[in-house]
Structure formats: structure tokens, C-alpha cells
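Q: I am new to this structure and would like a close look at a single part of it, the largest pocket, followed by the parts around it. Please take me through it in one connected answer.

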Amino acid sequence: PDRAAADVEAVLRWVATRHPALPKPALLGWSNGAFVAHYVAQRSAPLLSSVTLFGYTPGVEEPYGPGVLPPPAIAPKVKNTREAAVSDFIAPDVTPPAVVKAFAEQALAADPVYAEWKIDRYMTLTAASLRAPVLVIHGEKDPGADVATAAEFLAAVSTGDKRYVVLPGADHCAQLEDTHDAFVAAVADFVTATRRARRSSW
């Protein structure tokens, strides 16, 4: 996670340097990427204008750390499979088969083995640490999403600029399926509204 967060922070600085007249970048993370986005927003809030957590509903405080056994020095090379690659597509009404097929092919080509997390120190992600505007968004049929948990999380977020969106009929891959227009509209509305609010407060 530390290495992933450092990569994201480097990109945020690069974007801000290339476009100094524009607002700070808005950060969006999906699934494990939302875990990273939360971590970046927690430790480097001045680098971003808002954060969108997609397909990720953490608790108010989420502690992480090494397990009972120390992590191996070299990540195990567990082979990826088609079944694993398509496991998040669970809503057939919004999932065109051609999309699933193409996603599986690209996923297996890009990641023939599983990516492994190595968490070798204790860390805690908290809702209260988030001070930038926050959007929590997930599909209605996402098995990893929980409305009650999301409500508790947002209630504990420090900023008053926070929003919660559930996409009807969508699952964990809402941005890739027939629900993509609703996903894009929700995120774009959040980002533009946040920037309008900041301009009006100057």
C-alpha cells in the first residue's frame, strides 16, 4: 500500500505541475484502488480536490497489518484464471457477454498472476481522516457493499461535503456495463459541484 500510494501521489504532483491554472486533481479509486485512494487522501490531502471511493465501503476505522506469519520476501505467483477475472460480473441484466469476454481476455493478458499485497507494518484507515470532499458510490448488487456501513462511514467523515450514491441494477463493475452512463454522470456531477462550491466560497 505504501508503494501504491507513493505512485498515486507522484502522478497527482505531476498533473498539478503540468496544469497549475486548473483545480487540484480529483482522485477516483475502484475496489482495491479505492483502498489506495482512501490512503492517499488520508496522508496527502493537499494534493487533491476530492476523492471518490467506488466499490469500497470501509468501516469507520479499518486497521491493517501483517498477519500471524510474516509476509514472504517474494510474492507467490498464483496463476490468474478466467473465473477469477470475471467474478465481479454478477448482474446479467446489465452485463453484455461481449464485455465480460473482452475484460477476461485483457485481464489475463495484463495479469497472468495475481497481484499480491504486502502489508508489513500496522496502519489504520479512518473516516475522520478524510477532509477533502468525498463520494462513496457502488452498485446496488455489489456483494461487497453495505448500505449501513457506508452510512456510518460517511457520518464520521470530517468534511461536510460528502455524497452517497447507489447505482440501481449495477454490480461491482458498474463503469464497464450498461450502467456506465449513470456511473459517469454521478461522478461528474460530484466533481463539478464540488468545484463550483469551492469557487463560490472564494
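A: Helix α4 gives the most to the lining of the largest pocket, with three residues. The model is a predicted one, and the volume of this pocket comes to about 810 Å³. Its lining is made up of 22 residues, and those closest to the centre are Asn-32, Asp-111, Tyr-114, Ala-115 and Trp-117. Two or more lining residues come from each of α1, α2, α3 (82-85) and α4 (97-110). By kind, the lining holds 12 nonpolar, six polar and four charged residues.

Take α1 next, as one of the elements in that lining. This helix runs over residues 2-18, and its 17 residues should span 24 Å at 1.5 Å a residue; the C-alpha atoms at its ends are 24 Å apart, so the model agrees with the expected value. Ala-5, Glu-9 and Leu-12 are the buried residues of α1. They line one face of the helix, because their directions seen down the axis of α1 fall within an arc of 60°. Those buried residues pack against α2, which covers residues 32-43. The other side of α1 carries Arg-3, Trp-14, Thr-17 and Arg-18, which are exposed.

After α1 the chain enters a loop that leads to β1 (26-30), and Pro-23 lies in this loop. Pro-23 has a relative accessible area of 42%, so it counts as partly exposed. Between Pro-23 and Ala-34 there are 21 Å in space, C-alpha to C-alpha, for a separation of 11 residues in sequence.

The loop between β1 and α2 contains Ser-31. With a relative accessibility of 25%, Ser-31 is partly exposed, because the value lies between the limits of 20% for buried and 50% for exposed. Its backbone deserves a remark. Most residues other than glycine have a negative phi. The phi of Ser-31, in contrast, is positive, near 60°.

Two further elements of the pocket lining, α3 and α4, are joined by a loop in which Asp-93 is placed. Asp-93 is exposed, because its relative accessibility of 69% is over 50%. Asp-93 and Lys-79 are 14 residues apart along the chain, and 30 Å separate their C-alpha atoms.

Helix α2 also has a partner further along the chain. The buried residues of α5 pack against α2, and also against the strands β2 (50-54), β5 (134-139) and β6 (162-167). Helix α5 covers residues 147-156, and Ala-150, Phe-153 and Leu-154 are buried in it. Seen down the axis of α5, these buried residues fall within an arc of 95°, so they line one face of the helix. Glu-152 and Ala-155 are exposed on the face of α5 turned away from that buried side.

The last residue to consider is Thr-194, which belongs to helix α6 (residues 180-200). Its relative accessible area is 3%, so Thr-194 is buried. With neighbours within four places in sequence left aside, the contacts of Thr-194 are Ser-49, Ser-50, Pro-133 and Asp-161.

Technical notes
Residues numbered from 1 in each chain as written. Predicted model: local features only at pLDDT ≥ 70, side-chain atom pairs only at ≥ 80, totals over all residues. Heavy atoms only, no water. Helix = DSSP H or I, 4+ residues; strand = E, 2+ residues; numbered from the N terminus. Expected span 1.5 Å × (residues − 1). Buried < 20%, exposed > 50% of the residue type's maximum accessible area, 1.4 Å probe, protein only. Arc of directions from axis to C-beta. Contact = heavy atoms within 4.5 Å. 1 Å grid on protein atoms, 1.4 Å probe; cavity = no way out; pocket = protein on both sides within 12 Å on 5 of 7 lines; lining within 4 Å. Points joined across faces, edges and corners; volume = space filled by probe spheres on them. Nonpolar A, V, L, I, M, F, W, Y, C, P; charged D, E, K, R; others polar.
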